[in-house]
Amino acid sequence: MTPTAPTGKIDQTPDLQPWVIVTGASRGIGQACASRLARDGYGILFTYRSRSAEAQAFVTDLKQALPGAALLAFQADVSQEAACRSAVEAGKACFGDRLWGLVNNAGINRDGLLLRMKTEDMEDVIKTDLLGPMYMIKACLPLLLRNRAGRVVNISSVSGLYGNAGQANYAAAKAGILGLTRSVAKETASRGITCNAIAPGFIQTDMTQALPEKSREAILQQIALKRFGQPDDIAAAVSFLLSADAAYITGQVLEVSGGLTM
Ligand code: NDP
């Protein structure tokens with residue numbers, strides 16, 4: 001397995017495997033990203049909030065399917081800044097200084113009309129979906145800046161681009177991620193770091209499983225490609241943005257939605 005991505009100063013330490021952090025990879029999109037990036041040849045530190053059994057099962061299964069995969073699970077609630085710093089420290093202790101990328105994927109939704117939305121549901125979503133990525137980027141920056149190379153990919157949502165009834169908290173957080181992405185891109189470009197966002201449409205995971213059948217059917221009708229997205233569809237876009245081929249792309253939002261919003 002030879003990672004295709006790293007270029008620049010980071011290549012001066014070829015003895016160390018470049019590694020990537022993926023948040024929220026015990027299931028869903030994050031798990032598909034971690035799996036894909038391990039296959040791309042990176043060492044992976046992934047986080048999860050509480051599902052230790054799922055996280056450990058993922059490690060076992062992937063190591064079986066991909067002998068030699070370097071994969072470390074780490075429990076860290078991204079809404080807690082200290083936990084984010086600990087996650088990066090754990091990755092550094094395991095894989096060394098050659099951090100290549102951060103995929104900010106962990107996220108939650110607490111849907112409901114704003115008029116009736118609980119304050120707690122507003123705060124939890126903002127803390128996890130917006131502050132979490134901010135804490136993670138801040139914790140990774142010292143290593144990325146020192147390496148003078150690297151990639152940050154933030155998972156936003158089409159709700160963040162266009163808004164969505166019943167998701168004021170979630171859409172606000174996901175729109176915030178776009179501002180975060182562009183600002184970090186501007187702050188770090190001179191050090192060879194790119195920062196981009198992906199805006200998934202409707203992807204089949206636990207998060208969308210909860211929607212009533214009628215709503216799912218209505219959404220399917222709006223998807224130009226006439227199928228729901230799969231976690232691997234997002235993982236493929238993440239893999240591209242981490243690769244050498246994406247070296248000249250920064251501060252951008254890539255919508256991966258099957259044409260849902262056209
Ligand atoms: P899932 O609900 O399937 O998985 C969420 C993952 O995030 C789990 O690994 C979970 O850990 C982790 N997580 C949740 N909260 C925290 C936290 N506070 N700290 C650390 N980890 C946490 O979600 P999806 O895979 O569907 O979504 C992944 C990302 O993609 C999210 O940011 C979501 O907003 C975004 N997205 C998803 C879309 C979709 O259609 N599914 C569409 C657009 C965007 P644990 O298992 O331990 O709970």
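This report describes the ligand surroundings and the main sheet of a predicted model.

**Ligand surroundings**

The shell around the ligand consists of 31 residues. Ser26, Arg27, Asn105, Tyr170 and Thr205 are the closest of them. By class, the shell holds 13 nonpolar, twelve polar and six charged residues.

Three helices each supply at least two residues of this shell: H1 (28-40), H6 (168-188) and H7 (206-209). H7 gives the largest share, three residues.

Polar backbone atoms of the protein also approach oxygen atoms of the ligand. The table lists three such pairs, with the distance for each.

| Residue (backbone atom) | Ligand atom | Distance |
|---|---|---|
| Ser50 (N or O) | oxygen | 2.7 Å |
| Asn105 (polar) | oxygen | 2.6 Å |
| Gly201 (polar) | oxygen | 3.4 Å |

On its own, the ligand has 900 Å² of accessible area, and the protein covers 97% of this. Asn105 appears twice in this account: it is among the closest residues of the shell, and a polar atom of its backbone lies 2.6 Å from a ligand oxygen.

**The sheet**

Seven strands form an open sheet with parallel pairing, in the order E3-E2-E1-E4-E5-E6-E7. Strands E3 (71-75) and E7 (253-256) are at the edges; each has a single partner strand, so one side of each has no neighbour in the sheet. On average, and with direction ignored, neighbouring strands are turned by 20 degrees against each other.

At the E3 edge, strand E2 (residues 43-48) runs parallel to E3 and is joined to it by five bridges. Within this pair, Leu45 has Leu72 in E3 as its bridge partner.

**Helices across the sheet**

Which strands does H6 lie across? Helix H6 crosses strand E5 (150-155), strand E6 (193-200) and E7, and it runs at about 165 degrees to E6. H6 therefore has two roles in this description, since the helix lies across these strands and also supplies at least two residues of the shell around the ligand. Helix H9 (residues 231-242) lies across strand E1 (19-22), strand E4 (99-104), E5, E6 and E7. Its direction is at about 155 degrees to that of E5.

Note on methods. Residues numbered from 1 in each chain as written. Predicted model: local features only at pLDDT ≥ 70, side-chain atom pairs only at ≥ 80, totals over all residues. Heavy atoms only, no water. Near = heavy atom within 4 Å. Polar contact = N/O pair within 3.5 Å; in protein donor to acceptor, adjacent residues only side chain to side chain. Areas by Shrake-Rupley, 256 points an atom, 1.4 Å probe, with all protein chains shown as cover. Helix = DSSP H or I, 4+ residues; strand = E, 2+ residues; numbered from the N terminus. Nonpolar A, V, L, I, M, F, W, Y, C, P; charged D, E, K, R; others polar. Pairing = 2+ DSSP bridges. Axes fitted to C-alpha atoms, helices over the stretch in contact; angles between N-to-C directions. Contact = heavy atoms within 4.5 Å.
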